[in-house]
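Q: I'm new to this one, so could you walk me through it at an easy pace?

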Amino acid sequence: MATINDNYLKLKAGYLFPEIARRVKAFTEANPEGAARLIRCGIGDVTEPLPEACRKAMHDAVDELGDSSTFRGYGPEQGYDFLRDAIVENQYGGLGISADEVFVSDGSKCDTGNILDIFGKGNKIAITDPVYPVYVDTNVMVGNTGEADESGAYEGLVYLPCTAENNFVPTIPAEDVDLVYLCYPNNPTGATATREQLKEWVAYAKERNAIILYDAAYEAFVQDDSVPKSIYEIEGAKDCAIEFRSFSKNGGFTGVRCAYTVVPKTIMGTDAKGDSHPLHPLWSRRHSTKFNGASYPVQRGAAAVFSPEGKAQVSALIKGYMENAALLRETCEKLGLPVYGGENAPYVWVGCPEGIDSWGMFDQMLEKANVVITPGSGFGAAGEGYFRISAFNSRDNVEEVCRRITENLG
Ligand code: MLT
């Protein structure tokens, strides 16, 4: 009989968002009226149509594939040059990143999980708490943790609490860690890290030979010019940081799927004998072996994000979502709730009213307001007492959500 990967048995319940979907399904099946009124502000999934420039580029690419003179089969696993070049030119200008350090993929969720393929066993992993659950679960899956305790914390992981007191940016740990996941603008808290804070993290990583896995999936939502959008804006980061970025939230590609990971050639890891190796060829090898590249029409659509029309259309989308975030913030503030995020990120992180916990808040919002939010505790023990509202929605829906929040919590 085939054995299984026992690490999967350590995973807690379902992955957060399927678990929310399960609860919402149970509610809507039992309450057809509530189901008809339901507004989803849980998972950070975009709602507005794809930018026209992207759609046009994808249509044209499909037409190319329909003509034998322009047909293409397998593409380069690491991504077409036209997209890798456009990414460097538009996202990393002046930061010293070259196009062959950019690996195009079908999603940052996949990349932040798959990156563990190139790291060895026994690394000490640090994650923030609260955290995007993928970082934790993928470490559990590959055996980098022990069992979870009652609070859901896994033995062997170093948890870095992110609280209102530290503005949701973790304090540098006193101990050595090998890999540390940072995500700014942050999911779920919507917080940003300052240049000074990132400098401290880069200095820590360089001094302790740690690697920062920097998830910048929400960089396009940064409104404040002083907030770094890339870890590579910090000197030295090319020696110690891998950055993940996505077209999901800026171009609205959550269903289309396209992202990229930057692995600088200067970043090194150590083998079992203690010899140093660059990570770039390892990730390239992994990518070529396990991935056949994002589809050609999708990469053309992604490149169109950087066209003049694409830039204007994406910035209109972001503006709309950020205006939603401002409305949600204002509504919760008026109710006297502690409100964070939503100024440089599409997530608003709200303290629960007195006497109700995160899942209690989830249930109340679902049952009474027919609004789906995300319970803070689903992101880790330090998320208890908070809930997250996603600003990805139509303006009409957000205005209705604001009315219902006021009605139910006011
Ligand atoms: C979220 O809601 O946290 C995100 O949509 C999850 C994701 O991007 O995978």
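The chat below goes through the domains, the ligand and the cysteines.

Q: Before we start, what kind of model is this?
A: This is a predicted model, and every value that comes up below was computed from it.

Q: Okay, how is the protein chain divided?
A: The protein chain is divided into domain 1, which covers 6-49 + 309-409, and domain 2, which covers 54-308. Taken over C-alpha atoms, the centres of domain 1 and domain 2 are separated by 25 Å, and the contact between them takes 37 residues from domain 1 and 47 residues from domain 2.

Q: Now the ligand: which residues are around it?
A: The residues around the ligand are Phe17, Ile43, Gly44, Tyr132, Asn187, Tyr218, Lys249, Tyr347 and Arg388.

Q: And how does that shell divide into nonpolar, polar and charged residues?
A: The shell around the ligand holds five nonpolar residues, along with two polar and two charged ones.

Q: Which domains does the shell draw on?
A: The shell around the ligand draws on domain 1 and domain 2, with at least three residues coming from each.

Q: What lies close to the ligand's oxygen atoms, in ångströms?
A: On the side-chain part, a polar atom of lysine 249 lies 2.8 Å from an oxygen atom of the ligand, and a polar side-chain atom of arginine 388 lies 2.7 Å from an oxygen atom of the ligand. For glycine 44 it is a polar backbone atom that is 2.6 Å from an oxygen atom of the ligand.

Q: How much of the ligand does the protein bury?
A: Taken alone, the ligand exposes 270 Å², and the protein buries 86% of that.

Q: Changing topic, how many disulfides does the structure hold?
A: The structure holds zero disulfides.

Q: Why is cysteine 54 not bonded to cysteine 258?
A: The closest cysteine sulfur to that of cysteine 54 is in cysteine 258, and because the two are 10 Å apart, they are too far for a bond.

Q: Are those two cysteines buried or exposed?
A: Cysteine 54 is buried, with a relative accessible area of 0%, and cysteine 258 also counts as buried, at 0% relative accessibility.

Notes: Residues numbered from 1 in each chain as written. Predicted model: local features only at pLDDT ≥ 70, side-chain atom pairs only at ≥ 80, totals over all residues. Heavy atoms only, no water. Near = heavy atom within 4 Å. Polar contact = N/O pair within 3.5 Å; in protein donor to acceptor, adjacent residues only side chain to side chain. Areas by Shrake-Rupley, 256 points an atom, 1.4 Å probe, with all protein chains shown as cover. Nonpolar A, V, L, I, M, F, W, Y, C, P; charged D, E, K, R; others polar. Domains from an automatic or database assignment. Disulfide = S-S within 2.5 Å. Buried < 20%, exposed > 50% of the residue type's maximum accessible area, 1.4 Å probe, protein only. Contact = heavy atoms within 4.5 Å.
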